[in-house]
Amino acid sequence: MKELLRRFAAWCGFFRCPLCMEQSGNGCNEVCQECRKKLPLLPVQGRCPGCGGRNDSALAICQACLEFPMRPYIDAVAVMEYTGKGREMIRNLKFRRSPEFARPLAMLAVEKLAESGIYFDVIIPIPLHWQRNLVRSYNQSELIAAIIAAETGKPLLHGLKKILPTRRQAGLQKEQRQRNLKRALAVKDPSFSGKHVLLVDDVLTTGTTLSTAAGILMKNGAASVRVLCCARTPLKRNSYVAKEKK
Ligand SMILES: [Zn+2]
Ligand SMILES: [Zn+2]
């Protein structure tokens, strides 16, 4: 029935591709084949487990990740690089109040997750502080996580909450940023204890947010944490003061 409705919607020309607004979005707002070719999608095989990006070193993690201390999550999948059309999609979702970009991003994530074969029991999004939630009226990571949950049949859990708004982290020292974040995040629903968690965020820049969140989950009894991000900022070496605006 769902499939029939989807085909009908595609035939009617509903739910166009949100990037070009011309081609049919497969009846459910997905990116069309033409636009898909322009996306900076990252390969799943041979990825760096620290950031989900390409592993450009002969070691277990990529050169950029070598700068960072061990992260408390064991694997990461990144859908694409935060450049070009990929960046455009995320910026539209995040800053231009276009929630219709959540579905195509989540569908690409579902594809990459299946390809990676990583295992998880529950899905937890990186939370937004309620003040920012009020301004934007939705949390982009939560929208994406909810669609992944619906598509994979795994429960969405609001395991974390943001108790303090974090200001722009740009320009701060790594240690200071980590301290700020640690104070800002807290456990909301502890039922992830004993479970394998998939932590979802929109953009991974330095991985500080995901690392801090994963650390809190592990400390509160998560069996393991793996990470999914929609886009990974191409990182120049020694440049971790990149913007991490939430
Ligand atoms: Zn298109
Ligand atoms: Zn890496």
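Me: Which residue in S6 stands opposite Glu 81?
Reply: Heads-up: this is a predicted model, where local features need pLDDT of at least 70, side-chain atom pairs count only at pLDDT 80 or more and totals for chains, interfaces and linings use all residues, and side-chain values use heavy atoms, without hydrogens and water. Residues are numbered from 1 along each chain as its sequence is written, with chains lettered from A and ligands numbered from 1 in the order in which they are written. S1 and S6 pair in the parallel sense over six bridges (two strands pair if DSSP finds at least two bridges between them). Across from Glu 81 in S6 you'll find Arg 232.

Me: In what order do the four strands of the open sheet sit, and which are the edge strands?
Reply: Strands here are DSSP runs of E, at least two residues long, and helices are runs of H or I, at least four, numbered from the N terminus. The open sheet runs S1-S6-S5-S2, with parallel pairing. Two of its strands pair on one side only, which puts them at the edges: S1 and S2.

Me: What does the twist average from one strand to the next?
Reply: Axes are lines fitted to C-alpha atoms (for helices, over the stretch in contact), and angles run from 0 to 180 degrees between N-to-C directions. From one strand of the sheet to the next, the twist averages 20 degrees.

Me: Helices H3 and H8 both pack on the sheet, so what angle does each make with S5?
Reply: Contact means heavy atoms within 4.5 Å. Helix H3 (residues 84-95) touches S1, S5 and S6, at about 100 degrees to the direction of S5. H8 touches S2, S5 and S6, and its direction makes an angle with that of S5 of about 165 degrees.

Me: How many of the residues of strand S5 are buried?
Reply: Buried means under 20% relative accessible area, exposed over 50%, partly exposed in between (1.4 Å probe, protein chains only). S5 pairs with S2 (residues 122-125) over four bridges, where Ile 123 stands opposite Leu 198. With S6 (residues 224-232), S5 shares eight bridges, and there Val 197 stands opposite Val 225. Strand S5 (residues 196-204) is mostly covered, the buried count being eight of nine.

Me: What is the hand of the β-α-β unit made by S5, H8 and S6?
Reply: Point the strands away from you: if the path from the first strand over the helix to the second runs clockwise, the crossover is right-handed. In this unit the helix is H8 (residues 208-219), and the hand is right-handed.

Me: Which residues coordinate the zinc ion (ligand 1)?
Reply: Donors are N, O and S atoms within 2.8 Å of the metal (3.2 Å for Na, K and Ca), and sites may look incomplete because water is not among the atoms. Four donors count as tetrahedral if all angles lie between 85 and 135 degrees, and the ones around ligand 1 fit, subtending 104 to 113 degrees. Their sequence spacing is C-x2-C-x11-C-x2-C. At 2.3 Å, each through SG, they are Cys 17, Cys 20, Cys 32 and Cys 35.

Me: Cys 20 and Cys 35: which is buried and which is partly exposed?
Reply: Cys 20 is in the loop between helix H1 (2-12) and H2, while Cys 35 is in helix H2, 15 residues apart. The relative accessible area of Cys 20 is 24%, against 5% for Cys 35. So the buried one is Cys 35, and the partly exposed one is Cys 20.

Me: What arrangement do the donors of the zinc ion (ligand 2) have?
Reply: The protein donors are the SG atoms of Cys 48, Cys 51, Cys 62 and Cys 65, lying 2.3 Å from the ion. Cys 48 and Cys 65, 17 residues apart, are both in the loop between H2 (33-38) and S1 (75-81), and both are buried. The angles are 106 to 112 degrees, which makes the arrangement tetrahedral.

Me: Is Ser 141 buried or exposed?
Reply: Ser 141 lies in helix H6 (residues 140-152). Beyond its neighbours within four places in sequence, Ser 141 is in contact with Pro 125, Ile 126, Val 200, Asp 201 and Asp 202. With a relative accessible area of 1%, Ser 141 is buried.

Key: Tetrahedral: all angles 85-135°; square planar, octahedral: opposite > 155°, others 65-115°.
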